[in-house]
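Me: I have a model to go through with you. Could you take a look and help me with a few questions about its packing and contacts?

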Amino acid sequence: MTAARPVVVADRPEPGEPRPYAFPAFKRTRLANGLEVIEVNLPGRPLIDASLILPGGAADEPDDLAGATVLMARALTEGTERYSAVELVEATERLGASIHAEAGWDATTISADVPSERLAPALDLVAEIASRPTFPVDEVARLRDERLNDLLQARADPRRRAEEAFVEAVYATSSPYRRSSAGTRETVERLTADIVRAELARRFDPARMTLIVGGDLAGIDIVELAAERFAGWQAAPGTGPGRVVDASPASLERRLRVINRPGDVQTEIRIGHPGARRLIPDFHALSVMSAILGGLFNSRLNRKLREEKGYTYGAGAGFDLRRSAGPFAARAAVATDVTVPAVQEILVELERMRTGLVDEDELQDARDYLVGVFPLRFETPGAVVGALGGIVVQGLPDDELARYRPSIEAVTREDVLAAARAHVRPDEAAIVLVGNADAFLPALEAAGLGPITMERDEPGDVAAPAVAGEAG
Amino acid sequence: MPGPTVRFTDQRLANGLRLIIAEDHLAPVVAVNIWYGVGSKHEVPGKTGFAHLFEHVMFQGSAHVAKAEHIGLIQSVGGTMNGTTWLDRTNYFETVPSHQLELALWLEADRMGTLPDALSQENLDNQRDVVKNEKRWSYDNRPYGSWNERTLAGVFPPEHPYHHTAIGSMEDLDAASLEDVRSFFKMHYAPNNAVLSIVGDVDPIAVQGWVERYFGGIPANPALPIDLGDLSLPLSLGGERRETVADRIPLPRIYFAFRAPAYGDRRLDALDLAGQILAGGKGSRLHRRLVRDERIAQDVALFSLGLIGGASVTAGWVTARPGVDLARLEAGYWEELQRIAGEAPSEDELARAKALTEADELEALQGVAERADRLSMYATLFDDPDLINRMLPRYLAVTRDEIRDACAAVFRDDNRLVLTYLPAEQAAGDAEAAA
């Protein structure tokens, strides 16, 4: 009954009718002690994410105690007035919950993931951790030693080594962004339980904190649950993340920093400079520009370095938008023998973003991607709560997420060019190369890309002072 | 708490394509996931890494799709996508806004039906370079990067198809030809070797019509399935194996690996729970003893890689703190494995491990992409997609004694591979001292 049927259908199908999507509505309530509660009901999502967020993070700590905030967050779950660390873990596990505390540049967060019927006991534990941590001397010392060992591991891993060398090359010594948010060997060695405790006392103030709860909240009175557990929590007024974070560049000249690791079989490339703050008027134009340059699979960088040249498994670029200007970086790991041409191709693409309008197709693809992927990004409660946390921490308006898609749709080719000219500056970039420099240095010098600083990692460099922790 | 239930339909097209559909209208998104029953275990000597290289070629265009256009189209509608290759299978997946489902189906069908039409030496050479850089980036240029390869080589005999990794060797990648691509496609990439799972905001009747329209004309390969012969192996390496590896690392690390029962065997479920009890987080035995109490370890791990072809791998590691006596570290880790092999875990430990497993399962199944991947997996490996609903009850039914017995069967002296990674300068010093 059939004539020879073609193997496949030649014509590309047309899209169906898009189903409307809106970022979930949320509600704010303030408790008597100033703690703000944000609830977002997500029907059909029984795994609840509850996050207690304190604006202020590693950017707000004294330079000589860098790493104190991250260590403080890690140590929060090491014991409370009622529970030892092990008891706390066991209690959490019995609830089928996970609770963790962490700090980044701009915020410190204690969050719980828990099935909705066990939300109340999980919130008990979050409240206990936030308001009555004990910071046992011995456990803080252990976590500090683990961080020091992690720094050794970071130095041996080419990718982590490149990130570390990159921010050191990008930022002035006056900027905290010059280091890892978890601190440096020199500063972490100083950290003690007393310092961590003082850091907490200085900051933890319910009046400046927000509890965000997302998931299927049918039949759950979040405000009441929160009030029972948090309303009685009083603390000395903390200091806000008021200070302006210094994000000064180390230099306005293009320069190269080469870390020679003779055994490496790839070169880790980082090219960039201080990027942008989160609170900028051209955020949406920047997002589209960044997707075209180095965000999409078919971005200019990946198309050129991977799909045309085969230099790398992947090339990209992006902005780390913080309260102050976090780094802009183009990144790729390339075969050693193509290091110099890869650097040159990246520089060409960065310059090209600034010198001409993007194609209409490039603009359309990037906008459509950012608009279309928006609902996919917020499938789970954790993602929704995380986005609301960003609003709280960065001081964005409540309609920021609702406005996202129309704002992206409105970005023009001219806006993209303006964003590139404002935020991508290859002539001011630090170029950091971590790899077998013996193999590419002559070609690099001949390329004349800028002044070169050479360093060499010796295998012994990473060997630690031979100190094992003592059991306490 | 009852586990989540995934309701789905399960049918086959005339050409053998298995189609599984699960509706979920919570968000306007849909996941499309195809598992092909071909993995690195189907590679022949001299062609290691080929299944994975082939997976890359699948993104280089087909009769009606240009090079890199597949990814470009999916991203331009706001979708995400990828493909992965493993010992037992290869998978390809997209998550897209639900009104773009037809596009994703059309793209998958075009490459399943017509990949060789767009094949070129230039594209193959390009992706060969990309894959070689992937190997450098994922393994060769990483601290401890060779453990994966050494573990498979040590746990499986040379004639067994799990002896080599999915990434393969540089020499074999160099040797891959266009003819290899064509014959691999012809043999393995047929609808009767594929499971297509679609999960999300869809109308199943419309989906069935589209799948028939786009995939129904692709011919089956009557030569499938391929019989790899009897892959079964004794649950023993036949003696301890030890290897010391010099690497550019600051902290020594000891890797352990064991031959374990094949995926699907209840004993592997018990070993998964044992992994949770021994190394699953801060409350686990190994973490508590070696990291927290004795403070001789920086981190610990223990987990199983489930494989269907005769045996799986249970593997783990412990990273030394600086200056620690490695013999003591190894002994401490080993004692904990022996302890659980000799004495069943406590009720409370097992209850916590089950609660965590339940939470992990609940979390994993939240998103449509993971649900689609699991449906494809259980259908491909076990001909039983409903395992998506029965795995959790299976874990919850494991007893204390079953955990002890499974550990006793696997954590044995004559079934262990021990890889000791040492900083190069320390390894050189040790060699000198021994000479």
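Me: Which residues have the most contacts inside the largest nonpolar core?

Reply: Happy to help, and keep in mind that this is a predicted model. The largest nonpolar core has 274 residues. Those with the most contacts inside it are A:Ala122, A:Val126, A:Val196 and A:Val288.

Me: Which residues does A:Ala122 touch, not counting residues up to four places away in sequence?

Reply: A:Ala122 is one of the residues with the most contacts inside the largest nonpolar core. Leaving out residues up to four places away in sequence, its partners are A:Ala50, A:Leu95, A:Ala97, A:Ile99, A:Ala112 and A:Val114.

Me: What do the buried residues of H10(A) pack against?

Reply: Helix H10 of chain A covers residues 300-308, and its buried residues include A:Arg300, A:Leu301 and A:Leu305. These buried residues pack against H4 of chain B, together with four elements of chain A: helix H9 (283-295), strand E9 (312-319), strand E10 (327-335) and helix H11 (339-355).

Me: How many charged residues are on the side of chain B that touches chain A?

Reply: The contact takes 74 residues from each of chain B and chain A. On the side of chain B, the classes are 31 nonpolar, 23 polar and, for the charged residues, 20.

Me: Is B:Val6 buried, partly exposed or exposed?

Reply: B:Val6 sits in the segment before strand E1 (9-12) of chain B. A residue needs 20 or more other C-beta atoms within 10 Å to be buried. B:Val6 has 19 C-beta neighbours inside 10 Å, so B:Val6 counts as partly exposed.

Key:
Residues numbered from 1 in each chain as written. Chains lettered and ligands numbered in written order. Predicted model: local features only at pLDDT ≥ 70, side-chain atom pairs only at ≥ 80, totals over all residues. Contact = placed C-beta atoms within 7 Å. Nonpolar A, V, L, I, M, F, W, Y, C, P; charged D, E, K, R; others polar. Core = buried A, V, L, I, M, F, W, Y, C linked by C-beta atoms within 7 Å. Buried ≥ 20, exposed ≤ 12 C-beta atoms within 10 Å, placed from the backbone. Helix = DSSP H or I, 4+ residues; strand = E, 2+ residues; numbered from the N terminus.
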